[in-house]
Amino acid sequence: MAKTQKLIDGFKRFQAQYFGDDRRLYDSMISGQPAKTMMIACCDSRVDPAIVTDCDPGDLFIVRNVANLVPPCENDGHHHGTSAALEFAANSLEVENIIIMGHANCGGINALWHDDGDEMQSQFLHHWMSIAKPSKDWVINKLSSSSQEDKIKACEQRAILESLANLMTFNCIREKVEQGTLSLHGWYFDIPTGQLLYFNSQTGAFEPVN
Ligand SMILES: [Zn+2]
């Protein structure tokens, strides 16, 4: 069984670093967080955005969900955690960047890929992953001769583009993008190679960052 003592020991090191002799960073953030970049990342334990990008506390406003998906804007009175985080980031923090951070070997995308349409398989996961169903359909249609591995990777990357498109269905985001005060980005952490790719809208492809 995993031990929680490892986490407590880790917190003590964190505490010594930020609340020891030099408290300037947290002292500067007591009344509010300064983050101007929002990251939407997967729950996957291998892709923690702050660790992967070597950020400090206060740098990133992060929402993590299964397969780093952005749902379309829906005014149905239901509980929308990701949408609430987006609204707060856009209107209160006034973030200047929103990054969708996808990744290789995503369990959520894998579940979507192997989903046979039986909703009884899960209470929540099946419906949540249906956000990315158009990506799966696109890959099945466009990449029919590719290997299974390549298809799943393409689905992971296509779902990032779909989430970017869904971001624009939120008025609070679309208006800021059109005003030029907010930029949207699609990133992909390729775990097997250790590379970070970004979506280049000029070429329409995911390419290594410089
Ligand atoms: Zn994932």
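**Group meeting talk: a two-domain chain and its nonpolar core**

Let me begin with Glu94, which is exposed, having 11 other C-beta atoms within 10 Å; a residue is called exposed if 12 or fewer such atoms lie within 10 Å of its own, buried if there are 20 or more, and partly exposed in between, with the C-beta atoms placed from the backbone. What you have in front of you is a predicted model, in which local features need pLDDT of at least 70 and side-chain atom pairs count only at pLDDT 80 or more, while totals for chains, interfaces and linings use all residues. Residues are numbered from 1 along each chain as its sequence is written.

Glu94 sits in the loop between α4 (81-93) and β3 (97-103), where helices (H or I, at least four residues) and strands (E, at least two) are DSSP runs numbered from the N terminus. Its phi is near 55°, a positive value in a residue other than glycine. Asn105, in the loop between β3 and α5 (107-113), also has a phi near 55°, and this residue is partly exposed, with 16 other C-beta atoms within 10 Å.

Now to the interior. The largest nonpolar core, meaning buried Ala, Val, Leu, Ile, Met, Phe, Trp, Tyr and Cys residues joined through C-beta atoms within 7 Å, has 43 residues, and Met101 is among those with the most contacts inside it. Elements giving two or more residues to this core include α4, β3 and α5.

Finally, the domain assignment, which is automatic or from a database, gives domain 1 (1-32) and domain 2 (34-208), whose C-alpha centres lie 29 Å apart.
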